[in-house]
Amino acid sequence: MAIETTTDDQPAEARAEAQQLTTRILELRDAYYERDTVLVSDEEYDRMMRRLEELERLHPELQSQDSPTQTVGGRAQTTLFAPVQHAERMLSLDNVFSLEEFEAWAAKVERDAGRRVDYLCELKIDGLAINLRYENGVLVSAATRGDGVVGEDVTENIRWIPAIPARLATDEPPALVEVRGEVFFPVAEFEELNAHQQEAGERVFANARNAASGSLRQKAEGKNPAQLELMRDRLRRLHMLVHGIGAWHNPPVDAQSKVYDLLKGWGLPTSTHFRVVDDAAKVDEFIEYYGQHRGAVEHEIDGIVIKVDELALHDELGATSRAPRWAIAYKYPPEQVNTKLLDIVVSVGRTGRATPFAVMEKVRVAGSEVRQATLHNQEVVKAKGVLIGDTVVLRKAGDVIPEVLGPVVELRDGTEREFVMPENCPECGTRLAPAKEGDIDLRCPNAEFCPAQVRGRVEHIGSRGALDIEALGEVAAAALTQPRFPAEPPLPTEAGLFGLTLADLFPIEVVVRDSETGLPKLTDAGEEKVDTPFRRRRQKKDGPFDPATEEFSGDELHVPSKNAIELLANLAAAREKPLWRILVALNIRHVGPVAARALANHFGSLDAIRSASRDELAAVDGVGGIIADAVLAWFEVDWHREIIEKWAADGVQFATPGHPGPGRADEAGGVLAGLTVVATGSLEGFTREGAQEAIIAAGGKAASSVSKKTDFVAAGPGAGSKLAKAEELGVRIIDAAQFKTLVEEGPAALDS
Ligand SMILES: NC(=O)c1ccc[n+]([C@@H]2O[C@H](COP(=O)([O-])OP(=O)(O)OC[C@H]3O[C@@H](n4cnc5c(N)ncnc54)[C@H](O)[C@@H]3O)[C@@H](O)[C@H]2O)c1
Ligand SMILES: [Zn+2]
């Protein structure tokens, strides 16, 4: 008899992989639930879980009862707290990561239920699960989830959380009710807590969930009075929201949403962010809405939880060993990931501030790719405790700037090194120093000539809020101030900007840099890529006809590039831009568009501003003492005055034509003299700034908010709260066409 042997070793491979995954997941869970440490990102953890699930689906013989896919993460027996047996098991949730997966889940639910069902959509709060046991209306115990059957007794600590009632506000409490919810730090509290921790030189928490878990799972024993007060302060900042029930014999309501109403009436904290929908297809609106408004919720969320609303169906559908079948978590893309900190580099900005920033291995977070984040200053680097070479936790929420939260200390292997703040400016070698005693930030004091600062200032001059010169962006600014050739840059400072000629631009060669990292780009041969931004090659066609190419041949010659011609034309035009723009272009500290407009409006010329006293400057509406001081300080500096002289010599106009003189703009008799106008929404024929300028040019006051003093509100499509305010106050509202009439002919023309 021949015995058939199988040579298929696939199951063996699968077994090995499943074992590896199991070991790793258990390790990660241990760190996460017991030590409040996140060794890999949640995304990576979820991926491992999915892979294990997949392997077990393909090879059912691999699935054992204690596989992570069958158990609730967390451990029952810990040394810190006494064990508590839950009257009813506490479960986890199954996940979906897309709308399709959600729809497939809902289809199965409705198949099993045999009918359409109502869904309750709520937020998935990123905190830790808690079970509150009330007997005859009195809180007798509070426990963490543990392994789902047995949790940790945290009753003493829970009593410090203000939101949790010790007694239910009802005359007829059930003999026993288990209330389940999430304990967490509201975002504002978390930020404050971390600020405190940083000040006190204590550990800064990488995320609100770990901070909440770490705060709740503290023991009072062995703490001195000061530590005890700190611990209680943290507990008082915690909040809780109810999101379910455990044991409860015959609840008097028939839907989860009604359970919340009832519990709310008993004084328990319930969420305001939920909705019941009668069709699975309507869930996606909720998902999308909170996907875009995550930042507006008072606590962190990592997804949406969708539950079958009807309680009878909960019993009918039941649960697996790990999760209920009547609920599912939809997970959003992560806002927090782990990545490698490759280096910490110091950059110098236009004000001379030397800022260390993190250069990281590129990662995707909150839907975009990130590889840099500012670290602000050397003290912040120290406070965050990051070493070069560390795995770090990086966070980016929606449109918010990415932030390095801290290192994953457990992953260090000894090769990491500390960041040392350089003593000298990386761009000009001048010794860095604080601007004044006690400042943490270090600055390069070589303000006049430090190439990084000149480059920053020149770029600022071209920016939208200053002279708005399209051809004078980041690349042109670098080319003019730090070219590879010539050795002496065309602009050692910005004084020469308006005197630039084609002869200055033409020879410039630059090293092409990566716009993100600032590092040189390399050619295939490994050399730095070089570009000539202001000239290009052209073949001269004055030679004899070449039959091979069927063209006239000729020498190569260089001609000015489009950039060069545009830049010179733009600069020529910029000389006559409104005074406020010229003021912004001078890079005076604190003088942005708002202050510059106020100064220009009031004084009408740079000379008048220069000869004004501190009091006269400070008294101008929208200026004030700090800006007045900054203006005075700016004029004190020799090379600043030289900029003005040089610019004036090159034709820059430092006065508003027709301005009647300091403080007399209102008497100028423009058609809008004495009137205040607010422009809001998009007004056809005007840009946002153009509308403001038109009001000012007509002698009116362009205000940014609507009040009783407002005479007109010009509103176009997209006008929001300002329009509502105008209606409320009875301010006259006009459209774009009327606005045009108003600024050209004055208010009387509106009614004719
Ligand atoms: N990075 C790591 O190393 C690591 C390790 C373990 C776990 N984790 C993270 O934890 C997750 C697994 O943890 P889990 O088992 O606690 O599952 P889970 O956090 O994904 O979901 C279940 C929990 O959600 C909570 N929850 C929040 N809002 C809720 C609401 N409105 N309704 C019902 N429940 C709500 C409940 O406390 C429940 O226990 C993973 O997906 C991963 O994100 C990460
Ligand atoms: Zn410098």
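This text walks from the surroundings of ligand 1 to one strand beside the ligand and that strand's partners. The model is predicted.

Start at ligand 1. Its shell holds 24 residues. Tyr32, Asp42, Ser92, Ala129 and His243 are the closest. Four elements each give two or more residues to this shell: helices α1 (10-35) and α2 (42-58), and strands β3 (119-125) and β8 (239-248). By residue class, the shell has 12 nonpolar, 7 charged and 5 polar members.

Now place the ligand in the fold. Domain 1 covers 10-70 and domain 2 covers 83-331. Both give residues to the shell, so ligand 1 lies between the two domains.

Which element gives the most to the shell around ligand 1? The answer is β3, with 4 residues. That strand deserves a closer look.

Strand β3 is mostly covered. Of its 7 residues, 7 are buried; here that takes 20 or more other C-beta atoms within 10 Å of a residue's own.

Next, the pairing. β3 pairs with strand β10 (residues 301-308). The two are antiparallel, and 7 bridges link them. β3 is also joined to strand β9 (residues 274-277). This pair runs antiparallel too, over 4 bridges.

Use Leu120 as a landmark in both pairings. Its bridge partner in β10 is Lys307. In β9, Leu120 has Val276 as its bridge partner. A general point helps when viewing such strands: side chains in a regular strand alternate between the two faces of the sheet.

To recap, β3 gives 4 residues to the shell around ligand 1, and β3 pairs with β10 and with β9.

How values were computed. Residues numbered from 1 in each chain as written. Chains lettered and ligands numbered in written order. Predicted model: local features only at pLDDT ≥ 70, side-chain atom pairs only at ≥ 80, totals over all residues. Near = placed C-beta within 6 Å. Nonpolar A, V, L, I, M, F, W, Y, C, P; charged D, E, K, R; others polar. Domains from an automatic or database assignment. Buried ≥ 20, exposed ≤ 12 C-beta atoms within 10 Å, placed from the backbone. Pairing = 2+ DSSP bridges.
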